[in-house]
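Subject: Handing over the structure

Hello,

Here is the structure I promised to pass on to you. Please have a look at it first, and then read on for what turned up.

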Amino acid sequence: MSTVPRADTGDATATGSTAYIPIRFNPGDRRTFIGGSDARIIMGNDEADLVRLWREKRGEIEPEDL
């Protein structure tokens with residue numbers, strides 16, 4: 001599970017220590033992050049795949065049903 005340091009929580013002590021709050025991703029909503037497969041498309045040479053990915057992330061088209 002990923003954690004992110006948060007200084008604005010009530011759990012932090014007066015000495016300035018940082019509390020950690022887990023981040024929960026919704027794996028069904030791939031539009032909110034770039035995964036390994038997306039990185040391959042972004043760094044690749046296939047312009048059609050790149051445009052398709054861009055449109056998917058913007059919510060203009062549905063992702064491919066693999």
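Let me start with a question: does Asp38 count as buried or exposed? Please keep in mind that this is a predicted model. Asp38 has a relative accessibility of 3%, and buried means under 20%, so Asp38 counts as buried. This residue lies in helix α1. From Asp38 to Leu50 the C-alpha distance is 8.8 Å, although the two are twelve residues apart in sequence.

Now to the chain as a whole. It has two helices and two strands, and their order along the sequence is β-β-α-α. The chain has 66 residues, and 11% of them are buried. Asp38, with its 3% relative accessibility, is one of the buried ones.

Next, the two helices. In general, a pair of packed helices is described by the angle between the axes and by the distance between them. Here, the axes of α1 and α2 are 8 Å apart, and the packing angle is about 135 degrees. That angle makes α1 oblique to α2. As for handedness, α1 passes α2 in a left-handed crossing.

The pockets come next. The largest pocket has a volume of about 220 Å³. Two elements give two or more residues each to its lining, namely α1 (36-43) and α2 (47-58). Which of them gives the largest share of the lining of the largest pocket? It is α1, with four residues. Asp38 turns up again here, since the lining of the largest pocket includes Ser37, Asp38, Arg40 and Ile41. Also in that lining are Arg52, Leu53 and Glu56, along with Arg30, Pro63, Glu64 and Leu66. By type, the lining of the largest pocket has six charged residues, four nonpolar ones and one polar one.

The second largest pocket has a volume of about 170 Å³. Its lining is made up of 13 residues, and those nearest the centre of this pocket are Asp29, Arg30, Arg31, Glu56 and Pro63. You will recognise Arg30, Glu56 and Pro63 from the lining of the largest pocket. In the second largest pocket, the largest share of the lining comes from α2, which gives three residues. Its lining divides into seven charged, four nonpolar and two polar residues.

One last residue to look at is Glu62, found in the segment after α2. Is Glu62 buried or exposed? Glu62 has 69% relative accessibility, and the cut-off for exposed is over 50%, so Glu62 counts as exposed. Glu62 and Arg52 are 9.6 Å apart from C-alpha to C-alpha, and ten residues apart in sequence. Arg52 is also one of the residues that line the largest pocket.

If you would like a place to begin in the viewer, try Asp38 in helix α1 and then go on to the lining of the largest pocket, where you will meet Asp38 again.

Happy exploring, and best wishes

Notes:
Residues are numbered from 1 along each chain as its sequence is written. This is a predicted model: local features need pLDDT of at least 70, side-chain atom pairs count only at pLDDT 80 or more; totals for chains, interfaces and linings use all residues. Side-chain values use heavy atoms; hydrogens and water are left out. On a 1 Å grid over the protein atoms alone, a cavity is a set of points where a 1.4 Å probe fits but cannot get out, and a pocket is an open set with protein on both sides within 12 Å along at least five of seven lines; lining residues have an atom within 4 Å of a point. Grid points are joined across faces, edges and corners, and a volume is the space filled by probe spheres set on the points. Ala, Val, Leu, Ile, Met, Phe, Trp, Tyr, Cys and Pro count as nonpolar, Asp, Glu, Lys and Arg as charged, and the others, Gly among them, as polar. Buried means under 20% relative accessible area, exposed over 50%, partly exposed in between (1.4 Å probe, protein chains only). Axes are lines fitted to C-alpha atoms, for helices over the stretch in contact, and angles run from 0 to 180 degrees between N-to-C directions. Angles under 35 degrees count as roughly parallel, over 145 as roughly antiparallel, 65 to 115 as roughly perpendicular and the rest as oblique. A crossing is left-handed if the near helix is turned anticlockwise from the far one by less than a right angle, and right-handed if clockwise.
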